[in-house]
Amino acid sequence: MLLTQQLINENKMNTKIYKKEINLPDGRIISIETGKLAKQADGSAVIQMGNAMLLATVVSSRNASPVDFLPLTVDYREKFAAAGKFPGGFFKREARPSNDEILTMRLVDRVLRPLFPKDYHYETQVMIQLMSHDDDVMPDSLAGLAASTVIQLSDIPFEYPISEVRVARIEGNFIINPSRTQLAESDIDIMVGASYDSVSMVEGEFEEISEQEMTDAIKFGHNAIKDQIDAQIELVDEIGKKEIREYEKGEENHELLDKIHSMCYDKCYEIAKKGLDKKQRSKEFAEIKEKLLESFSEEDLEENKKLILSYFLKVEKEAVRELVLSEGIRLDGRKTTNIRPIWCEVSYLPSTHGSSVFTRGETQALATVTLGTSRDANIIDSPTNQGEENFYLHYNFPPFCTGEARPLRGTSRREIGHGNLAQRALSKVFPHDCPYTVRVVSEVLESNGSSSMATVCSGTMALMDAGVKIKKPVSGIAMGLISDGKRYSVLSDILGDEDHLGDMDFKVTGTKDGITACQMDIKIKGLSYEILEKALEQAKNGRLEILKEMTNTIEKPADSVKPHAPKMVKLIIDGEYIGAVIGPGGKIIQEMQKETGTTIVIEEEDEKGVIEILGTNQEMIDLVIEKIDNITFKPEVGKEYNVKVVKILEFGAVVEFRPGKEVLLHISEIAWERVEKVEKYLNIGDITKVKYMGIDSRTRKQKVSRKILLERPKKKD
C-alpha cells in the first residue's frame with residue numbers, strides 16, 4: 001500500500017527524482033536524493049543514513065550585497081520531532097541553536113567559505129535540518145556532504161565539491177561515521193573536511209595519540225571523502241550540470257596595483273623586518289598607507305579608494321610572506337621555530353577556587369576554576385544527545401583584548417568554538433573519579449595569536465592550582481604555514497597577523513606523551529602530507545617547550561583544595577533512607593544545611609541514595625555526616641554497641657544507639673539474675689554495652705541483650 005502510494009505521488013510530480021548511494025567500508029549506505037523536496041531553493045537534497053535524514057538547501061541572492069566580503073550563513077538545526085521529543089522550556093518550540101548545532105555550523109562553514117570566488121559578495125544561505133534521527137547515526141558527520149551536494153546541484157559559483165567525515169578508532173581499527181556508542185569506545189574522534197585533492201579542515205580529540213597516528217586517521221578519512229565526492233559528481237552528471245550564474249565581478253586595475261606595489265612594497269618589507277611589537281608595527285604600516293592615500297588626488301580617491309586600500313593590503317601581505325620565505329624572519333623578529341617569551345602565575349585571584357595567568361608574547365589568558373556539586377553540571381538536552389557534563393569550559397573574548405571598542409552581542413560562535421576546543425583538550429586528562437562538578441572560565445585579556453591555546457595552558461594551571469587531580473598537564477600551540485607553491489615555511493606559535501596573512505592555522509594540544517586535541521584550517525590547495533607531518537613534529541617540539549615553562553610555575557596539582565574552596569564528601573546510603581534524610585517537605589535536609597552552612601544534594605541511583613556534601617568548614621561537614629549516619633543507622637545482628645540509657649521503665653530500659661534510634665532493653669536481658677528493679681543496674685544517662693540480637697520471633701520487635709555480654713554465674717550445687 002505504501003509503495004503504491006509512493007508511485008502515485010511520484011507520477012504526479014513535475015520533476016524526476018534522482019538518487020545516488022555511497023557504500024561505506026563496513027557495509028552501511030549513505031544515500032543522496034534530490035528532486036522531491038524544497039524545489040524552489042537553488043539546490044536541495046536529502047541525505048540519508050539508516051533512519052537519519054538531513055534536508056539541505058542553498059539559496060543565493062541575485063543582488064549583490066553592499067559589504068566587501070561573502071555574507072555566507074551556514075545554519076544547522078536538529079528538529080526535536082526528528083527524535084520524537086518535545087523541546088524543553090516554556091515555549092515548547094525550537095529557539096536559539098544549541099552549542100552542538102553551532103559547532104556543526106562552524107565545521108561546515110570553515111570548509112565551504114574559501115571555495116566561493118573572492119569577489120562573490122552575494123547573500124548566501126546554506127540550511128541543513130535534521131528531519132529524522134537514528135540513534136546509531138551522528139548526523140553532524142553528514143552535514144558537510146549535504147552542504148556541498150546542494151551547492152553542486154545549484155548554479156552558484158563554487159570551486160569544487162568537498163565533503164566531511166568523522167573518523168574513530170576502536171581496538172586499532174578505523175571507522176567512518178561511527179555511532180555515539182562506538183565513539184564512546186574510541187581513542188580517536190576526528191572530523192576531516194577535504195576536497196578530492198587535499199585536506200582543508202581537521203578538528204578532533206584524542207587519547208594522547210602520536211603524530212603518526214593522527215596522520216593515519218586523516219588519510220583514512222580523506223579516502224572515504226573521495227567516494228562521497230565521486231557520488232556528488234555522478235549525481236550532477238546524471239541530472240546535468242546547471243550553467244553557472246553570471247555575477248558582478250570584482251573590479252581589477254593592474255596599472256594601479258603595479259603603482260602601489262612600486263611605492264609600498266619595499267617600505268612594507270623593511271617595516272616587517274624590524275621585528276616591532278603589534279602596536280608599533282600597525283602604526284608604521286598605517287603611516288605608509290596614509291602617505292599612499294595622500295599621493296592620490298581627491299578625484300582618484302573618490303573613485304578608487306576602496307580598491308587602493310585593498311591593493312595596499314595585498315602588497316603588505318606579499319612583503320610579509322616574502323620575508324619569511326626568503327630570509328626566515330617573521331614580523332616580530334623571530335625565526336620560524338621560535339616561541340614567544342612566556343610568563344605564568346597561579347593563585348592570582350585570592351577568592352576563586354583556582355586561578356592562573358598565562359602570557360605568551362602579546363597573548364594573555366586569565367583562567368578561573370569553580371568547584372560545585374552535581375547540581376552545577378552542564379545539562380545537555382538536544383534531539384540527538386542527552387546527558388550531563390561535570391567538566392566544562394567557557395571562553396570569553398572581549399573587545400579590549402585586541403584594543404577595540406565594538407558592540408557586545410552575547411556569546412559569539414567563535415567563542416563557543418574556541419571554548420569547545422580547549423574543553424576537549426583538557427577533558428582527556430580530567431579525572432573520572434573527581435567528586436566535583438568543575439567549571440573553567442578563560443578570560444582573554446590580550447590577543448595576538450591563538451588565545452584558545454593560551455586558554456588550554458592557563459586552564460591546565462588553574463585546575464592544578466585548584467587541587468583538581470588532572471592526570472597530566474596539557475599545553476597547546478598554534479602553527480602556521482606560508483607557501484608560494486615551491487617554497488614553504490612552517491611557523492611555530494603564530495601571531496594574529498600570521499594567521500591572517502598565512503595559509504594555515506593548525507592548533508595542537510597535548511601532554512608530554514601525546515596529542516589530546518587539534519583544529520586545522522588550510523587556505524591553500526594541495527597541502528602535502530609531508531608538510532602536515534613536518535608541522536606536527538614542529539608543533540610537538542613547541543608544545544613541550546611551552547609545557548616546560550608551565551611546569552616551572554606549577555608542577556603538579558595541589559595536594560588539597562584551597563581553605564576557602566568547598567570540600568566534597570560523597571556518601572552512599574540505602575535507598576529506603578532517602579525520604580528520612582530529606583524529611584517531610586524537605587524539613588530535615590534544609591535544617592541540616594542551615595545549621596552547618598553546607599550544600600547537600602541527594603540523587604537516587606540503582607536503588608541507592610548518593611549524597612554529596614559540599615562545604616568549606618570540615619567540622620560542619622563532619623557534623624552533617626554524623627547526622628546522616630544517625631538517620632541511616634541500622635544495627636547488625638550479632639554486633640556489640642555502646643548505648644545510652646534514655647528512659648527507665650518498670651519492664652526495662654529504653655536505650656539509644658544513635659539519636660532517634662531507640663530500642664527496649666527488656667528487664668529479662670539486663671542481667672543473668674532476676675532483676676527486681678531496673679535502677680539497681682541502670683540509670684538515665686548511663687552508657688552500657690549490648691549485643692544486637694535481631695528481630696525477636698515472638699514479639700516481632702528488635703531485641704538487644706546486656707546479660708549475654710556478662711559472665712554467666714555458675715549454678716549452685
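**Strands, burial and charge pairs in a predicted model**

Five bridges join strand 18 to strand 19 (residues 488–492), and the two run antiparallel. Strands here are DSSP runs of E of at least two residues, helices are runs of H or I of at least four, and both are numbered from the N terminus. Two strands pair if DSSP finds at least two bridges between them.

This is a predicted model: local features need pLDDT of at least 70, side-chain atom pairs count only at pLDDT 80 or more, and totals for chains, interfaces and linings use all residues. Residues are numbered from 1 along each chain as its sequence is written, and side-chain values use heavy atoms, with hydrogens and water left out.

Student: Which residue of strand 19 stands opposite Met479?

Tutor: Strand 18 and strand 19 run antiparallel, joined by five bridges. Opposite Met479 in strand 19 stands Ser492.

Student: Which residue takes a positive phi in the hairpin of strand 18 and strand 19?

Tutor: Four residues lie between the two strands of this hairpin. Phi is positive there, near 95 degrees, at Gly485.

Student: In strand 20, what is the bridge partner of Ala478?

Tutor: Strand 18 also pairs with strand 20, in the antiparallel sense, over seven bridges. Within strand 20, the partner of Ala478 is Lys507.

Student: How many of the residues of strand 18 are buried?

Tutor: Buried means under 20% relative accessible area, exposed over 50%, and partly exposed in between (1.4 Å probe, protein chains only). Ser475, Ile477, Met479, Leu481 and Ser483 point one way, Gly476, Ala478, Gly480 and Ile482 the other, and all are buried. The strand is largely enclosed by the rest of the structure, because the buried count is nine of the nine.

Student: Why is helix 3 largely enclosed by the rest of the structure?

Tutor: Helix 3 spans residues 143–152. Its buried residues include Ala143, Leu145, Val150 and Gln152. The helix is largely enclosed because the number of its residues that are buried is ten of the ten.

Student: How many salt bridges does the count come to?

Tutor: A salt bridge is a side-chain nitrogen of Lys or Arg within 4 Å of a carboxyl oxygen of Asp or Glu. One network of them links Arg110, Asp140, Arg166, Asp189, Glu203, Glu205, Glu207, Arg424, Lys428 and Asp521. By this rule the count comes to 45.

Student: In the salt bridge of Arg113 with Asp109, which residue is buried?

Tutor: The closest N and O atoms of this pair are 2.9 Å apart. Arg113 is partly exposed at 33% relative accessible area. At 15%, the buried residue is Asp109.

Student: How many residues apart are Asp513 and Lys472?

Tutor: Their side chains meet in a salt bridge, 2.7 Å from N to O. Asp513 is in the loop between strand 20 (504–511) and strand 21 (514–522), and Lys472 is in the loop between helix 10 (451–465) and strand 18 (475–483). The pair links distant parts of the chain, and the separation in residues is 41.

Student: Which parts does the pair Lys570 and Glu612 tie together?

Tutor: The two side chains meet in a salt bridge of 3.9 Å, N to O. Lys570 lies in strand 22 (residues 567–574) and Glu612 in strand 24 (residues 608–615), 42 residues apart in sequence. The parts tied together are therefore strand 22 and strand 24.

Student: Is Glu612 buried or exposed?

Tutor: Its partner Lys570 counts as partly exposed at 45% relative accessibility. The relative accessible area of Glu612 is 6%. With the cut-off for burial at under 20%, Glu612 is buried.
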